[in-house]
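Visitor: I've got the model open in front of me. Could you walk me through how it packs together?

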Amino acid sequence: MSYYYGELNYVQIQEAIDKNSVIILPIGTTEEHGKHLPVETDAMIAKYVGDKLGAACQEAGIPVLVMRTIHYGFSMSVVRKWPGCPNINTRTFMDYIYSMVESLIKEGFRKIVLLTCHGNHDSLLRTVMREIADAHNVYIMTLAPFALAKDTYERLKKDPEGDIHGGEYETSCMLHIAPELVDTSAYTNVDAIRCNTPLRGPVSTWGLQKTQTGLFGDPTYATAELGKACLEAAVEKGVEYIKAYYEHNEQS
Ligand SMILES: [Zn+2]
């Protein structure tokens, strides 16, 4: 049976609810990613990882459904200087996701995973997670492929400073997922990260260094092999978390 929620009829969806199936909602966005990557990069990575997690969960015997990827969300104005960033403000975005999650809970789902593939969404989605818990006593999960792949990326990366936006990591992922959409002739290292200060983390990295081309990282280090390794690691780790979440009995 398909793991796509949208391909089932309501009888099959009721069966999935009765099995306490896990729902995965991949969430990307559409925003500029420099001259070499498509604006749907985050959404494409979200869809790819969501699909792979769906297949891997099925393989592991975890009942799972994957929803269609959310393609639009919130981007800070620093990237909206370039075209390609249709934007949803923070509160509208949070209300939209909250409303969707709440409706899934009302259908009867209790294990819901937000797969977040865009840094500007992390805190917003974790706030939604807490609001849902307060209102419904249902604890949803947020997973980020970049965080799941962190150990693998740190081990294999060549860029000493790493990648925030459109650099080695994301370009490598896209070289694996859709190499035909990566314009390798447009690579530039002018926005390689140079702000390796203790403020990285406590202060938004976008406020520590000006971007000239809309990037925050160096794509010249990217390889399809690195992308494949990171994405496989994200799926492998993701299934471990989802399995533990599925098997965890809620507190009474
Ligand atoms: Zn991105």
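**Helix pairs and cores**

Guide: This is a predicted model, so let's begin with one helix pair. Helix 7 (residues 168-177) packs with helix 8 (residues 224-247) at an angle of about 95 degrees, and their axes are 7 Å apart.

Visitor: Is helix 7 roughly parallel or roughly perpendicular to helix 8?

Guide: Take the angle of about 95 degrees. Angles of 65 to 115 degrees get one label, so helix 7 and helix 8 are roughly perpendicular.

Visitor: How many residues of the contact of helix 7 with helix 8 are charged?

Guide: Helix 7 brings Tyr 169, Ser 172, Cys 173, Met 174, Leu 175 and His 176, and helix 8 brings Ala 224, Leu 226, Gly 227, Lys 228, Cys 230 and Leu 231. By class there are eight nonpolar and three polar residues, and the charged count is one.

Visitor: What handedness does the crossing of helix 3 and helix 4 have?

Guide: Helix 3 (residues 90-107) and helix 4 (residues 122-136) pack at about 45 degrees, with axes 10 Å apart. The two are therefore oblique to each other. Their contact has ten nonpolar, three polar and two charged residues. As for the handedness, the crossing of helix 3 and helix 4 is right-handed.

Visitor: Which helix gives the most to the largest nonpolar core?

Guide: That core has 60 residues, and Ile 23, Ile 24, Leu 25, Val 49, Val 113 and Leu 115 have the most contacts inside it. Eight of the core's residues come from the top contributor, helix 2.

Methods: Residues numbered from 1 in each chain as written. Predicted model: local features only at pLDDT ≥ 70, side-chain atom pairs only at ≥ 80, totals over all residues. Core = buried A, V, L, I, M, F, W, Y, C linked by C-beta atoms within 7 Å. Buried ≥ 20, exposed ≤ 12 C-beta atoms within 10 Å, placed from the backbone. Helix = DSSP H or I, 4+ residues; strand = E, 2+ residues; numbered from the N terminus. Axes fitted to C-alpha atoms, helices over the stretch in contact; angles between N-to-C directions. Parallel < 35°, antiparallel > 145°, perpendicular 65-115°, else oblique. Left-handed = near helix turned anticlockwise from the far one by under 90°. Nonpolar A, V, L, I, M, F, W, Y, C, P; charged D, E, K, R; others polar. Contact = placed C-beta atoms within 7 Å.
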